[in-house]
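Here is a friendly walk through one structure, sheet by sheet and helix by helix. Keep the 3D view open as you read.

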Amino acid sequence: MKKKVAFYTLGCKLNFSETSTIARNLVDEGFTRVDFTEHADMYVINTCSVTDNADKRFKTIVKQAQKVNPDAFVAAIGCYAQLKPEDLAAVDGVDLVLGATEKFNIANYVNDLSKNDYGEVHSCEIEEADFYVGSYAIGDRTRAFLKVQDGCDYKCTYCTIPLARGISRSDTLENVVKNAKEISEQGIKEIVLTGVNIGDYGKGEFGNKKHEHTFLDLVKALDTVDGIHRLRISSIEPNLLKNETIEFVGSSNTFVPHFHIPLQSGSDVVLKLMRRRYLTDLYVDRVNKIREVMPDACIGVDVIVGFPGETEEHFLTTYNFLNTLDISYLHVFTYSERDNTVAAEMEGVVPKRVRSKRSKMLRGLSVKKRRAFYEQQLGTMRTVLFESENKEGYIHGFTENYVKVKFPWDPELSNTLQEVRLDAIAEDGLVKCTILEQAGATLR
């Protein structure tokens, strides 16, 4: 009988794309993939190191696997597995820990799946993570995540990603386009471009710092691929989001009007402490340019609260900056100390209760921003890509500009694009819509 393998992914879209590729590789090696809640011979947990919470969840997930099958082989891969391999190996029930380069060769490390007394570690020096492995996620959801870049050359004082993933390097343009075609042939309607620092695309395209292509070249090439209905850019640094890219997205038939741009702080003092590569003036310019080209675009923002040295005045500067900025929602991160980062040694540590209070304030602001953005969209005609789950009698979906809608459950709508009118905001904050079938819209 075929051995069964199950996966659990923590963290970002990039991790999801890599999990999906690793899973396909194991299926090719003779495994059968099952859900993580099912009985499996091996459980693989793809870890994250960005937040303290992701670290803590690892032990809980291992216990979940052991509860289903106490004799199962448990493997840890991903960013935290690279940063703290011995810590993960010491967790009760963990048999194998694979670092940044080894995770893509997991089949070489699993033989008879017999349990180990102590987790076996295979983790390279991060300098050895200098080659690129392409990946994409399909089959897990309506949208596909397509990895185009990995690693980062930036030296932000709070971030462990360069330590976990290595230097910035990119897939070849030819391979990205090939992967995009493979995804479109699966009947998937939307592709999300993902990476650690995707605006840096092109660097390391040939295994060194030389490159022929830029992120704009990538965007233009993907816009010509037949069969893709929607392309969405995931998080992109403000200093790497150029006017030419914004203008191209504004005129594109497939790239959607949605940008997620990390800010991290609205205080220039704090941005300098973080060693970010821009100040707030540039960020305002990016937002204004997007609004000029695409007035209805959705603009999401990452922000960190409680960074060392962030005074109450600095925080209020951030709050007021975001409050007046024409953005659509926030992703709020509460700063947590990470080993081997400059910020962990900085003075001016913000008490955790203060971090929590500031986080709550910004999350409240995000709710207001999202609602205001949704209200602006009411009465407009949009295209929704519906998902495939029945959620309490409703099917959910997203418009091209990332408004989340709900419609009475109809399985025929799953993974279809529908022309809709946005009608009203429901009590749960989602938008009710009307499908414009009478206007000649058809299932696509």
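In which sense do strand β14 and β15 pair, and over how many bridges? Strand β14 (residues 298-305) and β15 pair in the parallel sense, over six bridges.

## Before we start

This is a predicted model, in which local features need pLDDT of at least 70 and side-chain atom pairs count only at pLDDT 80 or more, while totals for chains, interfaces and linings use all residues. Residues are numbered from 1 along each chain as its sequence is written, and side-chain values use heavy atoms, with hydrogens and water left out.

Helices (H or I, at least four residues) and strands (E, at least two) are DSSP runs, numbered from the N terminus. Two strands pair if DSSP finds at least two bridges between them.

## The three-stranded sheet

The strands of this open sheet come in the order β13-β14-β15, and their pairing is parallel. At the edges stand β13 (258-264) and β15 (329-334), each with a single partner strand, so one side of each has no neighbour in the sheet. From one strand to the next, the twist averages 20°.

To find the pairing of β14 with β15 on screen, look for Ile 304, whose bridge partner in β15 is Phe 333. Helix α11 (residues 312-324) packs on this sheet and touches β13, β14 and β15 (contact means heavy atoms within 4.5 Å). The direction of α11 makes about 175° with that of β14; axes are lines fitted to C-alpha atoms, for helices over the stretch in contact, and angles run from 0 to 180 degrees between N-to-C directions.

## Glu 312 in helix α11

Helix α11 includes Glu 312. This residue is partly exposed, with a relative accessible area of 36% (buried means under 20%, exposed over 50%, partly exposed in between, with a 1.4 Å probe and protein chains only).

Which residues does Glu 312 contact, leaving aside its neighbours within four places in sequence? They are Lys 357 and Arg 358. Glu 312 and Val 350 are 38 residues apart in sequence, and their C-alpha atoms are 9.7 Å apart in space.

## The four-stranded sheet

Another open sheet has four strands in the order β7-β8-β11-β12, with mixed pairing. Its edge strands, β7 (136-137) and β12 (230-233), each pair on one side only.

Strands β8 (residues 143-147) and β11 (residues 190-194) run parallel and are joined by five bridges. Phe 145 stands opposite Val 192 in β11.

## Helix α7 and its partners

Two packed helices are described by the angle between their axes and the distance between the axes. For helix α7 (residues 215-222) and helix α8 (residues 243-251), the axes come within 9 Å and cross at roughly 15°. That makes α7 roughly parallel to α8 (angles under 35 degrees count as roughly parallel, over 145 as roughly antiparallel, 65 to 115 as roughly perpendicular and the rest as oblique). The contact is made by Phe 215, Leu 216, Val 219 and Lys 220 of α7 and by Glu 244, Thr 245 and Phe 248 of α8. By class, this contact of α7 with α8 has four nonpolar, one polar and two charged residues; Ala, Val, Leu, Ile, Met, Phe, Trp, Tyr, Cys and Pro count as nonpolar, Asp, Glu, Lys and Arg as charged, and the others, Gly among them, as polar.

Helix α6 (residues 173-185) also packs with α7, at an angle of about 35° and with the axes 10 Å apart. Here Leu 173, Val 176, Val 177 and Ala 180 in α6 meet Asp 217, Leu 218, Ala 221 and Leu 222 in α7. The residues of the contact of α6 with α7 divide into seven nonpolar, no polar and one charged.

## Two residues with positive phi

Most residues other than glycine have a negative phi, and most peptide bonds are trans. Arg 275, however, has a positive phi, near 60°. Arg 275 lies in the loop between α9 (268-274) and α10 and is partly exposed, at 46% relative accessible area.

Asn 340 has a positive phi too, near 65°. Its place is the loop between β15 and α12 (352-377), and at 71% relative accessibility Asn 340 counts as exposed.
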